Amino acid sequence: MLNPMEQKDYTYSVILTPAEEGGFTVTVPSLPGCITEGDTYEEAMTNAREAIGLTLACLEAHGDVVPRETGSPVVSNITIAPRQYA
């Protein structure tokens with residue numbers, strides 16, 4: 001366990017994707033495999049904090065490097081018209 005003076009805050013971007021059945025799926029681009037969900041935005045964000053915390057604890061317990069996010073990902077939409085077939 002880290003000495004409280006050595007502990008650092010970590011900030012990660014999360015992507016909330018509306019789920020077809022309702023609610024959100026949450027992914028953390030800087031922590032591959034860190035995925036959760038929630039029925040509401042608030043629940044999804046709460047679950048994301050917990051999932052990130054558990055992921056970081058697991059990385060530290062195994063002596064792995066805890067990734068730091070170096071910049072926020074850019075999320076944008078691209079619209080592509082479907083091809084028309086004869």
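**Figure 1. A close-up of Thr 36 in strand β3.** In this predicted model, strand β3 covers residues 35–38, and Thr 36 is found there. Is Thr 36 buried or exposed? Thr 36 counts as buried because its relative accessibility is 19%, and the cut-off for buried is under 20%. Setting aside residues up to four places away in sequence, Thr 36 touches Phe 24, Thr 25 and Val 26, and also Ala 44, Asn 47, Ala 48 and Ala 51.

**Figure 2. The whole chain, to help you find your way.** Before moving on, here is the overall layout. The protein chain has one helix and three strands. Starting at the N terminus, you meet these elements in the order β-β-β-α. The protein chain holds 86 residues, and buried residues make up 22% of them. Take the contacts between residues at least 6 apart in sequence: 36% of these join residues at least 24 apart.

**Figure 3. Tyr 41 in helix α1 and its neighbours.** Look for Tyr 41 in helix α1, which spans residues 41–61. Tyr 41 is partly exposed because its relative accessible area is 45%, which lies between the limits of 20% and 50%. Which residues does Tyr 41 touch, not counting those up to four places away in sequence? They are Leu 16 and Phe 24. Pro 18 is also worth locating here: Tyr 41 and Pro 18 are 23 residues apart along the chain, and their C-alpha atoms are separated by 9.5 Å.

**Figure 4. The aromatic pair of Tyr 10 and Tyr 12.** How many aromatic pairs are there? The count comes to one aromatic pair. Tyr 10 and Tyr 12 form this stacked pair, with 6.3 Å from centre to centre and 10° between the planes. The two partners can also be described by their accessibility. Tyr 10 counts as partly exposed, at 29% relative accessibility, whereas Tyr 12 is buried, with a relative accessible area of 11%.

**Figure 5. The largest nonpolar core, with Leu 56 picked out.** Tyr 12 appears again in this view, as one of the nine residues that make up the largest nonpolar core. The other members to look for are Val 28, Leu 31, Cys 34, Ala 51, Ile 52, Leu 56, Leu 59 and Val 66. Leaving aside neighbours within four places in sequence, Leu 56 is in contact with Tyr 10, Tyr 12, Leu 31 and Val 66.

**Figure 6. Glu 69, a buried residue with no salt bridge.** Glu 69 is found in the segment after α1. Although Glu 69 is buried, it has no salt bridge. Where is the nearest side chain of opposite charge? That side chain belongs to Arg 68, 10 Å away. The side chain of Glu 69 does have polar partners: a polar contact of 2.7 Å joins it to the side chain of Ser 13, and another of 3.2 Å joins it to the side chain of Ser 30. Not counting residues up to four places away in sequence, Glu 69 touches Thr 11, Tyr 12, Ser 13 and Ser 30.

**Figure 7. Pro 73 in the segment after α1.** Our last stop, Pro 73, is found in the segment after α1. Pro 73 is partly exposed, with a relative accessible area of 37%. Leaving aside neighbours within four places in sequence, Pro 73 is in contact with Ser 13 and Pro 29. Ser 30 can be located here too: Pro 73 and Ser 30 are 43 residues apart in sequence and 9.2 Å apart in space, C-alpha to C-alpha.

Definitions and conventions:
Residues numbered from 1 in each chain as written. Predicted model: local features only at pLDDT ≥ 70, side-chain atom pairs only at ≥ 80, totals over all residues. Heavy atoms only, no water. Helix = DSSP H or I, 4+ residues; strand = E, 2+ residues; numbered from the N terminus. Buried < 20%, exposed > 50% of the residue type's maximum accessible area, 1.4 Å probe, protein only. Lys, Arg positive; Asp, Glu negative; His and termini not counted. Salt bridge = Lys/Arg side-chain N within 4 Å of Asp/Glu carboxyl O. Polar contact = N/O pair within 3.5 Å; in protein donor to acceptor, adjacent residues only side chain to side chain. Contact = heavy atoms within 4.5 Å. Phe/Tyr/Trp six-rings, centres within 6.5 Å; stacked < 30°, edge-to-face > 60°. Core = buried A, V, L, I, M, F, W, Y, C linked by side-chain atoms within 4.5 Å.
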